[in-house]
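Me: Hey, can we go through this structure together? I'd like to know how the strands pair up and where the empty spaces are.
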Amino acid sequence: MSTVLVPAASATGRAPSDEITKTPNMHHLANIPKQGPLAAPAAYGSDWAFKGRYAFGGNYEGFTVYDISKPWRPQVVTVVHCPGSQNDVSIAGDLLFLSTDSSRSDDSCQSVPKPATEKSAWEGIKIFDISDVRNPRYVKAVETKCGSHTNTLVPSRRNAYIYVSSYSPNDTYPDCKTPHDLISIVKVPLRNPEAAEVAAEPVLFPDGGNPGDPPDTQWPNQTRATSGCHDLTAYPDRDLMAGACMGDGVLFDISDPLEPRTITTVRDDDNFAFWHSATFNNSATKIVFTDELGGGSAATCNPEIGPEKGANAIYDIVGKGKHRQLKFRSYYKIPRHNTVNENCVAHNGSLIPVKGKDIMVQSWYQGGISVMDFTDSRNPKEIAWLDRGEWANNLQYLAGTWSTYYYNGYIYSNEIQRGLDVIDLRDRRTDAAKRVRLDILNAQSQPNYFD
């Protein structure tokens, strides 16, 4: 298993053809376009992880390491070519975990596509040693059922537990048959990552989960059936996890990391088509779930779809212990309408750590970046936004911002087609967050910023 490194080009500044619109408090500092084999239109930029002065940006063709010690002048450190969508990333210590959710000929970085109907095809988690960020070293691969669409880190002192989300089984796939109502948990000994293995495959939906709507239900009123989870967000400090599981939103107890236990489940068959991701507030009294209506590839931010489909749904967590429940409070969707050529829907975001407030920044694909204050969970408000406009005059390729996270005073967006964007939010309501510093950020493994 060898790593393919691509010579890094240094690039700063904004592409001259871009037309950015924004609120006055959003200051666009820099852009670095996608590099080398990660630059093609089909090489989508995906998720982020951060460690110290470095940002690690996933891409369907690999990942890029950026030096962000000067956010206004970021530099490309290394480009690793290792195909396998989505290549979502997370970090523990000197290890980086990369999700592969496309059926490959083998587990190497030189693999080619191979039909999932063939038993020898491979999908799962790849592990890299990033102690030398200029030369990441591929050390181990772990195959998981139905691949790894996303991965979520649940750390401990000696081990990293990687919760692997995957879905869409098919009885013609030898390694991804129905029913698939489980997640895979990969245990990685931090001092011996070569010993990583699947340690558990807990069934989260013994009743099969949400059966969904019949396939002929008219879009956009179709709710997907649950067949696994799309994304899991852990809050290790509170022993909690929020699951966005296609047809279900779930709150889990993860006090035993190998045996997650369901506390409560909610459904919204009227307005949610595909439970996609989740974010806790810092006090763990609220969860923001997102609905990826249209799979992210459709133009859904328009008057025809309306303000409730393809939106966020904000829930309060009420009660204590095993009696906790999720109570719906409101929807939030960006108030601007997009064109028919812009794929737009709620996507990945993170908290902006302001004590006593609940504020998050979030990607909306070609809807741009939105900063939402949901301190009043019944009345969320947008307080900032930035939008790059149309990528093309059609929807042939996915475009827009995939993941937007706040890290050590700045906003970082992984733009599917345009690469890294760095934004400085200057606003009295959020300026206190600039004083909060982290050593590592995996947005799907939320830190406790204040307690």
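Reply: Sure. One definition before we start: two strands count as paired if DSSP finds at least two bridges between them. Also keep in mind that this is a predicted model.

Me: OK, so which residue stands opposite E415?
Reply: That's G419, which belongs to strand 30. Strand 29 covers residues 410-415 and strand 30 covers residues 419-425, and the two pair in the antiparallel sense over 5 bridges.

Me: What sheet are those two strands in?
Reply: They belong to an open sheet of 4 strands, with the order 3-30-29-28 and antiparallel pairing. Strand 3 (26-32) and strand 28 (401-407) are the edge strands, so called because each pairs on one side only. The twist from one strand to the next averages 20°.

Me: What actually holds strands together in a sheet?
Reply: In general, strands of a sheet pair through backbone hydrogen bonds, and the pairing can be parallel or antiparallel.

Me: You mentioned residue 410 at one end of strand 29. What lies over the face of Y410?
Reply: K434 does, at 5.2 Å from the ring centre.

Me: Rings, then. How many aromatic pairs are there?
Reply: The count comes to 19 aromatic pairs. Ring pairs also link F272, W275, F289, Y315, F328 and Y331 into a cluster.

Me: Back to sheets. What's the order in the one with strand 12?
Reply: The order there is 12-13-14-15, in an open sheet of 4 strands with antiparallel pairing. Its edge strands are strand 12 (150-155) and strand 15 (197-200), each pairing on one side only. Here the twist averages 35° from one strand to the next.

Me: And in the middle, how many bridges join strand 13 to strand 14?
Reply: There are 6 bridges between strand 13 (residues 159-165) and strand 14 (residues 184-189), and these strands run antiparallel. As one example, Y163 has I185 in strand 14 as its bridge partner.

Me: Let's do empty space. How do people find it?
Reply: Rolling a probe the size of a water molecule over the atoms shows where empty space is left.

Me: How much space lies in the largest pocket?
Reply: About 200 Å³. Its lining has 14 residues, and L153, P155, I440, N442 and S445 lie nearest its centre. Strand 8 (86-92), strand 12 and strand 31 (440-441) each give two or more residues to that lining.

Me: Which classes do the lining residues of the largest pocket fall into?
Reply: They divide into 9 nonpolar, 5 polar and no charged.

Me: What about closed spaces, how many cavities of 30 Å³ or more are there?
Reply: The count is 7. The largest cavity holds about 130 Å³ of space. It has 19 lining residues, with T279, G349, S350, A443 and Q446 closest to its centre. Strand 16 (231-235), strand 20 (275-280) and strand 24 (349-351) each supply at least two residues of the lining.

Me: How does the lining of the largest cavity split by class?
Reply: It has 7 nonpolar, 11 polar and 1 charged residues.

Me: Last one: which residues lie nearest the centre of the second largest cavity?
Reply: A116, A121, E123, D175 and C176, out of 14 that line it. About 100 Å³ of space lies in this second largest cavity, and its lining divides into 7 nonpolar, 3 polar and 4 charged residues.

Note on methods. Residues numbered from 1 in each chain as written. Predicted model: local features only at pLDDT ≥ 70, side-chain atom pairs only at ≥ 80, totals over all residues. Heavy atoms only, no water. 1 Å grid on protein atoms, 1.4 Å probe; cavity = no way out; pocket = protein on both sides within 12 Å on 5 of 7 lines; lining within 4 Å. Points joined across faces, edges and corners; volume = space filled by probe spheres on them. Nonpolar A, V, L, I, M, F, W, Y, C, P; charged D, E, K, R; others polar. Phe/Tyr/Trp six-rings, centres within 6.5 Å; stacked < 30°, edge-to-face > 60°. Lys NZ or Arg CZ within 6 Å of the ring centre and 35° of its normal. Axes fitted to C-alpha atoms, helices over the stretch in contact; angles between N-to-C directions.
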